Each structure stands twice: as C-alpha cells, then as structure tokens.
Amino acid sequence: GEVLKNLNKFYKRKEIQRLGAENGLDARLFHQAFISFRKYIMESSSVSADLHIILNDICCGFALLGHVDDLFPFFLRHAKQIFPMLDCMDDLRKISDLRLPPNWYPDARAIQRKIIFHAGPTNSGKTYHAIQRFLSAKSGIYCGPLKLLAHEIFQKSNDANVPCDLVTGEERVFANEDARQAPHVACTIEMCSTNTPYEVAVIDEIQMIRDPARGWAWTRALLGLCAEEIHVCGEPAAIDLVTELMYTTGEEVEVCNYKRLTPLTVLDYALESLDNLRPGDCIVCFSKNDIYSISRQIEARGLECAVIYGSLPPGTKLEQAKKFNDPNDPCKILVATDAIGMGLNLSIRRIIFNSIVKPTVNEKGEKEIDAITTSQALQIAGRAGRFGSSFKQGEVTTMHRDDLVQLKEILSEAVPTVKAAGLHPTPEQIEMFAYHLPDATLSNLIDIFVSLSQVDGMYFVCNIDDFKFLADMIQHIPLNLRSRYVFCTAPLNRKEPFVCTTLLKFARQFSRNEPLTFDWLCRHTKWPLAAPKNIKELVHLEAVHDVFDLYLWLSYRFMDMFPDAVLVRDIQKKLDDIIQIGVCNITKLIRASQSAAAPGTAETVSEDFPLSRTQKDARVDSDRQGAASTEALSIAVEAAGLRRAKNLRPSRLGSRQEDLKSYGRGSLANRLLREGLLTQEMLRQLESEWQDQHRNGRYGFGSKRDDQHRSKETGKKRK
C-alpha cells in the first residue's frame, strides 16, 4: 500500500511531468509509461537492486536518503524500453517537422509563379474561364477532385483539337497513338506531377484543401505545381487562406470574382407529396436506402426516374445523367445523393432536399449526424437552373415543410472561411521513421509521426484512419515498407467487406511474388456475372467494380505483379453495362428484394448511418403500411442508440424541443427528432395510431393481416 501511494505521488508531481515532457513523453505517453512502470514494480518478482533500495528508502520515510523524484531515472529507463523512439526523439522530431511545407517543392520555389483565384458560387463560369486559359496555353495541367471531371476536361480539350492525356489512379489514356506524352494533361488531383513544368495549371474546387481526408492533395498541388500560371477555382471562402499560403512562398494572388449566371429561387413551400413532382425535378437524399424507397414510390405513380449515387461506376452515372437530360426520353425525374454536387452536367429545374441532415466524419475521424453545411447546401442547390441547360432559372425547396425554414436559414448564412490546409506524411518521411524504429508496425509509425508532428496554424495533419485500418489489416503479411505503404494508400471503401478481403488476398499473393493474373481475378470475382435480380446483387456488382478499380490502381504501381490491366479494363466496361441494366430496372430489383424479405418488411442495404425519414414516412401498399411503420421505428430506435449525433444549432432545435414538451416525450424522441429520423408529424401519427390500437385492444403496429401472419409464424416455430 505504501509503495502504491508513493508511486501515485510520483505520477502527480508537476516537476516529474515536466521532466517527462522534456524527454519526449507527452501527456498520453507519460500516462501509458507510468501505468506500465507501476505494473512492473507491483507485479514483478525481480525488481533491480538499486530500484529496490530507492523504494525502500522512500517508503520508510528516510527523507535524507530517498525522495519520490529519485524514481525518475528508473521510470525513464522503463519508458525507453516500451517506447524505443525516446532514444532518438530529436531525429524523429526533425523528420516530422511539417512547419515549412513550401520548402518540400524546390522546383516550384525556383520559378516565380502567377496565382489567379477564380472565385464564385456554383454555375458562375469560374472554371470555364480557367479552362479557356488552359486550352490556349502551350502546355497545361488540370487537377480535379473526381475522375468524371478529369474525363470531361480530357474530352473537351481533345474535341477542341488540343491534344490532352488523361491520368487517374486507375487509368492512363494518351491523346497520341504512339503513347507519347501530350503537352496537356487532365488528372485527378492526387495524380498531378510536381516535377513536370507547364505553362498553365488549373486547380479545381480549391475549398477542398480543408477536407479532413483529402485536403493534403490540394495543398501539394497549390504549393508544388511547376507552372508559370496557377489558376485556382472555388468558393470565395478559400481566398484568405490561399493568399496567406502564397505569401509564405513570396507569390501574389490575383482574385477574379464571378456571380451566378442564372437566378436561383428558394421556394416558400415544400413538396410534401411525390404527387407534386414536375419534369426537371431532382430529389436529393443522403442515404442509398432513401434512393431505393423514393424511386419505388415514384414508379408507383407511373413516372420514370433516373438514379445517381456515389458508389455507381462513372459510366453508369453518365448514362443516367444522359437519360435524365434527354428531352425525348420519358424519364423526367432524378433521384440522387449529393454525388450530383460535382462532376455531372444536369438539366435540373428544381432541387428538392429529402432531408437536411447528413452523415459526416469530423476531424478526429468520428462519425456524426448534423445539418448540412452552408457550403454543401449551396453546392447542391446550385445544380438547379444550370447555365446552358433547358431551364433558365433554378428553384430549391425541401420534401418536408418543417425542414424549409431551416434550409432557408442554412442558405442565407455566410460560408465559413477556410482556416487551414491539409498535410499528409510522405513515404520518404515514414521510411526515415522506420530506419530509427525498425521494430515498429506501420500503423504505430504513423501514430508516432502524427503525435510528434509540428504544424503551424495554417495547416493540419489529415485524418489517417483509413490508412491505419489497412495497415493493421495487412500487418501480418510480410512486405517491404514501400510496398506496404502503397497498399495502405489504396483508394477503397473500408465498409465494403468484399473489397477489403480482396486487398488482403492481393497483398498475400504479392508477398509470395506470385503475379495476380486475369484468370485468378475472374475466379475470385466469379466472372462472368449476370444482371442483378435484386438490390443485394446490385450492391455486390458495385463492389466487384470497385475490386476491378483496385486491381487497375495497383497495376500502375506494380506492373509486373498485376500484369493484366488491359483485360481487366475490358471486363470492367462489360460490368458497367450490367450495372446500368440493374439501375435502369432498379424498382424491379426493389420489388424482388421486398418479396424475398420477410412479409411486411423491405430489404435495406446496410449503411454506416441510420436511414433518414423517407423510409419512415414512405407511402406503401395499404396492407403493409403498419408493418413498415414498425420496421422504420425499430430501425430509428436502434440507430439512435448506436449513433452519436451533434446538436443542431439552438435556433433550429428550439421549435422541436417545444413540440417535445407538449407531447411529453423523453430523451429518445428528442434524439430521433434531432437526427432527422422522426418528424413532429410522424410523432403525432404514431401517437394517434398507438392510441387507436390501444383502444381496440391491439398493441402492435401491424395490420390484421400482419397479425394473422405473425400468429401463424409463431405457431410454426412452436411446432
């Protein structure tokens, strides 16, 4: 007891904490080291003689012979055993010093670059003007956030007789038949070269420099591109940060401001019912399950709709956009996620927000549900009434009446200024760390790097959770550090188990030096594949498409080990066509999924966030309505228990809380309302239904038919 008391006294001493910090132990490491040190002393049967003597003197109260501070050398020795980096802390701090990113690009610093910022909202012509300069230059590079955008500029440039190559993570297309490099290139921003000189560079969507995961790519392009002119396009909110960053490089920023080319009106009424849809309408959802639900309801009204969401292949997205835009096609309604915010030219008259809450990932990598930001709302709403489309002005509204006031409030607010630019450790920095810490795993190396890294106020270190997830997943596979790093930067969605297990198999076979052949990939994916018969099969086909993308991405980094890129690209195009067939028949797939599921329930695709209120408020066939409400409520209750939601702004939450008080509801209802899983109207309806059923002696939510079915099912189970 006396030993433990003195150890805790040692831990709480400010002087000891200060000494720990001087020796590289921040608060987190100091705490971990102390826990280990305490365990060693309390549980070890062979504490060293000198430490035993010191502890004895301290515990016996020999003030002249022993003081708790005398434990520090032993504590530090123990800390260095469990944290080997403490012995080379100075070197590691130098390697992870991220305070002067401009110095990482000596080629760019060797020339005087002219920076032109084209600032304006969606549909203002800012990118158009930058691209005109790109096309007129002797050489140029376009850097965009999406493959679709890079492909559009590639097409536009070659159509204008300006030879232009296409470079994305998965694809290289040369304008010249002999595969000579063209003077112009359109690329996804991660793929831009900081060594090749150009006359003009265009960096699109510069506000994404603040993105928690991808911001580093915009920082790298802005600081590192070797171009005489850098044309930056994006929101005015990024002007101040870009100007500050360029001040550190000694380069001035010229700002060109643009206004929207067509008017955009926020309507004073919500849609409220799908019966009120008009040609040119686009319903925006933040859940794939909402997409399925709404498209099913639209078809039930005898209307055709196009469907676009993020996990669809680019070819399918373009085909759906073409179908919607075609004035001769009977499809006049679009149901989409916020994937339409960038990269697709769409002829939309009116944007209808199905919900104004969206799943997000914060700076710490934590999942949250919050109201959409002003920037997101403007980006999506701005797609209505696009200049050059058949609609000369755009309109925006919400599906639900109680969301409209909040949407107006969001759209009227100023977009917060972009405060900082993202950074990411380079392979060279991680290799230097590994030299000093040869026994550390890649995941630990990244953790140590981030904890020691120093950045100034204009920068932040990007979220590296996806990188660490892959590093941990393939840690047991013997790979050299550079190859391991490449595998961990592979662009995949870690929520897709089939894609993750495929990467694991790729890495395992790679480690055995066995090439990943076309035949092997066909066996693994069971190619050829048939058109999907239900939603589950469609989702699997999308995952297989992502596997082909992953193969192509790795084939450009390890050509010898992934040798069949041409064959894989051919079957990927065929798979794209198969997925297009599935999406064109999406309502049939939904019906098939529903009939295959338990009676009274609809099959949904597992997502990382709760379903939003479209499923809850959906109109379904009269004999299923009650059961669907039960399913929706059970999903909502479970989701509310599992997810942490950020509070909406007080002004938005106030009216909802008043309603809650009037209905006498507790914290669960409060959470469901705040997350957008329930509306006040739904609460009234549920309360009314419950009271009616209670009066009738029925406590479930289902119809009589459902009750009879449940009774039969229960009887079968008992038998």
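These are my notebook entries on a predicted model of one protein chain.

**Entry: the whole chain**

I began with the overall make-up. The chain has 30 helices and 18 strands. It holds 719 residues, and 51% of them count as buried. I then looked up the contacts between residues at least 6 apart in sequence. Of these, 75% join residues at least 24 apart. The exposed area of the chain comes to about 33,500 Å². Carbon and sulfur atoms supply 53% of that area.

**Entry: the sheet with mixed pairing**

I looked up the strand order next. Here 8 strands form an open sheet, in the order E4-E3-E5-E2-E6-E7-E1-E8. The pairing is mixed. Which strands sit at the edges? They are E4 (172–173) and E8 (253–257), and each pairs on one side only.

I followed the strands inward to E2, which covers residues 140–144. On one side E2 pairs with E5 in the parallel sense, over 5 bridges. Within that pair, Gly144 stands opposite Thr188 of E5. E2 also runs parallel to E6, joined by 4 bridges. There Ile141 has Ala201 of E6 as its bridge partner.

Is E2 enclosed or open to the outside? I counted 5 of its 5 residues as buried, so the strand is largely enclosed by the rest of the structure. I checked the two faces separately. Gly140, Tyr142 and Gly144 lie on one side, Ile141 and Cys143 on the other, and all are buried.

I went one strand further along. E6 (residues 197–203) pairs with E7 (residues 226–234) over 6 bridges, in the parallel sense. Val202 and His231 of E7 are bridge partners.

**Entry: helices across that sheet**

I looked for helices in contact with these strands. Helix H8 (residues 126–136) lies across E1, E2, E3, E5, E6 and E7. Its direction makes about 160 degrees with E7. Helix H11 (residues 239–249) lies across E1 and E8. H11 runs at about 165 degrees to E8.

**Entry: the parallel sheet**

I turned to another sheet. It is open and has 6 strands, in the order E9-E16-E13-E10-E12-E11. The pairing is parallel. E9 (264–266) and E11 (305–308) are the edge strands, each pairing on one side only. From one strand to the next, the twist averages 20 degrees.

I took E10 (residues 281–284) as my way in. Asp281 and Ile283 point one way from the strand, Cys282 and Val284 point the other way, and all are buried. E10 pairs with E12 in the parallel sense, over 4 bridges. It is also joined to E13 (residues 350–353) by 4 bridges, again parallel.

What does Asp281 face in these two neighbours? In E12 its bridge partner is Ile333. In E13 it stands opposite Arg350.

I then traced E12 (residues 333–336) out to the edge. It runs parallel to E11, and 4 bridges join the two. Ile333 turned up again here, since Cys305 stands opposite it.

**Entry: Lys358**

I picked out one lysine. Lys358 is found in strand E14 (residues 357–361). Is Lys358 buried or exposed? Its relative accessibility is 16%, so it counts as buried, the cut-off being under 20%. Its side chain makes a polar contact with the side chain of Asp338, at 2.5 Å.

I listed the other residues it touches, leaving out those up to four places away in sequence. Besides Asp338, Lys358 touches Phe286, Glu368, Ile369, Asp370, Ile372 and Gln376.

**Entry: helix H22**

I ended with helix H22 (residues 535–555). How far should its 21 residues span? At 1.5 Å a residue the span should be 30 Å, and the end C-alpha atoms are 30 Å apart, which agrees.

I also looked up the burial of H22. Of its 21 residues, 16 are buried, so the helix is largely enclosed by the rest of the structure. Asn534 caps the N-terminal end of H22. A side-chain oxygen of Asn534 lies 3.2 Å from the backbone nitrogen of Lys536.

Conventions
Residues are numbered from 1 along each chain as its sequence is written. This is a predicted model: local features need pLDDT of at least 70, side-chain atom pairs count only at pLDDT 80 or more; totals for chains, interfaces and linings use all residues. Side-chain values use heavy atoms; hydrogens and water are left out. Buried means under 20% relative accessible area, exposed over 50%, partly exposed in between (1.4 Å probe, protein chains only). Contact means heavy atoms within 4.5 Å. Accessible areas come from the Shrake-Rupley method with a 1.4 Å probe; for residues, only the protein chains shown count as cover. A polar contact is a pair of N or O atoms within 3.5 Å; within protein, one must be able to donate a hydrogen and the other to accept it, and residues adjacent in sequence count only if both atoms are side-chain atoms. Two strands pair if DSSP finds at least two bridges between them. Axes are lines fitted to C-alpha atoms, for helices over the stretch in contact, and angles run from 0 to 180 degrees between N-to-C directions. The expected span of a helix is 1.5 Å times one less than its number of residues.
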